[in-house]
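Please look over the sequence and the 3D structure before reading on. The paragraphs that follow take up a few contacts one after another.

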Amino acid sequence: MEAYEAYMKQVAEPMRRELTGQGFQELTTAEEVDGFMSSAEGTSLVVINSVCGCAAGLARPAVTGALEELDKKPDNLVTVFAGQDREATEKMRGYFEEVPPSSPSIAVLEGSELKYFIPREQIEDHDLEQVQEHVSGVLRQMVK
């Protein structure tokens, strides 16, 4: 089991960097999630990251592409990694109890309140351009 976890951690590292390299704060523990959520102000973009193909080919590129084309960015960019940082992911999902768990997924919060959620079903089986436009459209409306 230890070898498997070490392997998966190594596999996931470049997937983490796709977001952290774009300014996302990675929350890896339940305590980090609670700390962020208890002090979150303004608009936050939260990405529930994943190793799946739709995260690699759609979710992460759509989010980073949307951010590149926006003049006004969210106040906070944060991410948790489903399947890797389980406690952090579970804790973050607890803040959006009204939506079923989904990864990858994208949430927009105002303070600690969920304002918009893009589940996996609205990511997979869509074109990259469609997902990116969905994300950028939501952010244009919500980021003032």
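Two residues are said to be in contact here when heavy atoms of theirs lie within 4.5 Å. The model to which this rule is applied is a predicted one, and every value below was computed from it.

With that rule in hand, a useful place to begin is Gln84, which sits in the loop between E3 and H4. Leaving aside neighbours within four places in sequence, Gln84 is in contact with Met8, Lys9, Ala12 and Arg16. For one of these partners, Lys9, the C-alpha atom is separated from that of Gln84 by 7.2 Å, although the two residues are 75 residues apart along the chain.

Arg16, another of the residues that Gln84 touches, leads on to the salt bridges, of which the structure holds 9. What is the N to O distance in the salt bridge where the side chains of Arg16 and Asp85 meet? The distance is 2.8 Å, and Arg16 lies in helix H1 while Asp85 lies in the loop between strand E3 (76-81) and helix H4 (86-94), so the pair ties together parts that are 69 residues apart in sequence. Both of these residues, Arg16 and Asp85, are buried; for Arg16 the relative accessible area is 8%, and the residue counts as buried because the cut-off for that class is under 20%.

Arg16 also forms a salt bridge with Glu26, and in that pair the closest N and O atoms are 2.5 Å apart. Here, too, distant parts of the chain are linked, with Glu26 in strand E1 (residues 25-26) and Arg16 in helix H1 (residues 2-20), 10 residues apart. Glu26, however, counts as partly exposed, because its relative accessibility is 25%.

A further salt bridge joins Arg120 and Glu124, whose closest N and O atoms are 3.3 Å apart. Arg120 counts as partly exposed at 25% relative accessibility, and Glu124 likewise counts as partly exposed, at 27%. Arg16, Glu26 and Asp85, for their part, are joined into one network by salt bridges that share partners.

The next topic is a pair of helices. Two packed helices are described by the angle between their axes and by the distance between those axes. Helix H3 (residues 53-69) and helix H5 (residues 128-142) pack at an angle of about 45°, and their axes are 8 Å apart. That angle makes H3 oblique to H5, because the oblique class takes in angles that are neither under 35 degrees, nor over 145, nor from 65 to 115. The crossing in which H3 passes H5 is right-handed.

Which residues meet where these helices touch? From H3 come Gly57, Leu58, Pro61, Ala62, Val63, Gly65, Ala66, Leu67 and Glu69, and they meet Leu128, Val131, Gln132, Glu133, Val135, Ser136, Leu139 and Arg140 in H5. Sorted by class, the contact of H3 with H5 has 10 nonpolar, 4 polar and 3 charged residues.

Glu133 offers a closer view of this contact. Its place is in helix H5, and at 45% relative accessibility Glu133 counts as partly exposed. Not counting residues up to four places away in sequence, Glu133 touches Glu69 and Arg140. The C-alpha atoms of Glu133 and Gly65 are separated by 9.1 Å, while the two residues are 68 residues apart along the chain.

Notes. Residues numbered from 1 in each chain as written. Predicted model: local features only at pLDDT ≥ 70, side-chain atom pairs only at ≥ 80, totals over all residues. Heavy atoms only, no water. Axes fitted to C-alpha atoms, helices over the stretch in contact; angles between N-to-C directions. Helix = DSSP H or I, 4+ residues; strand = E, 2+ residues; numbered from the N terminus. Left-handed = near helix turned anticlockwise from the far one by under 90°. Nonpolar A, V, L, I, M, F, W, Y, C, P; charged D, E, K, R; others polar. Salt bridge = Lys/Arg side-chain N within 4 Å of Asp/Glu carboxyl O. Buried < 20%, exposed > 50% of the residue type's maximum accessible area, 1.4 Å probe, protein only.
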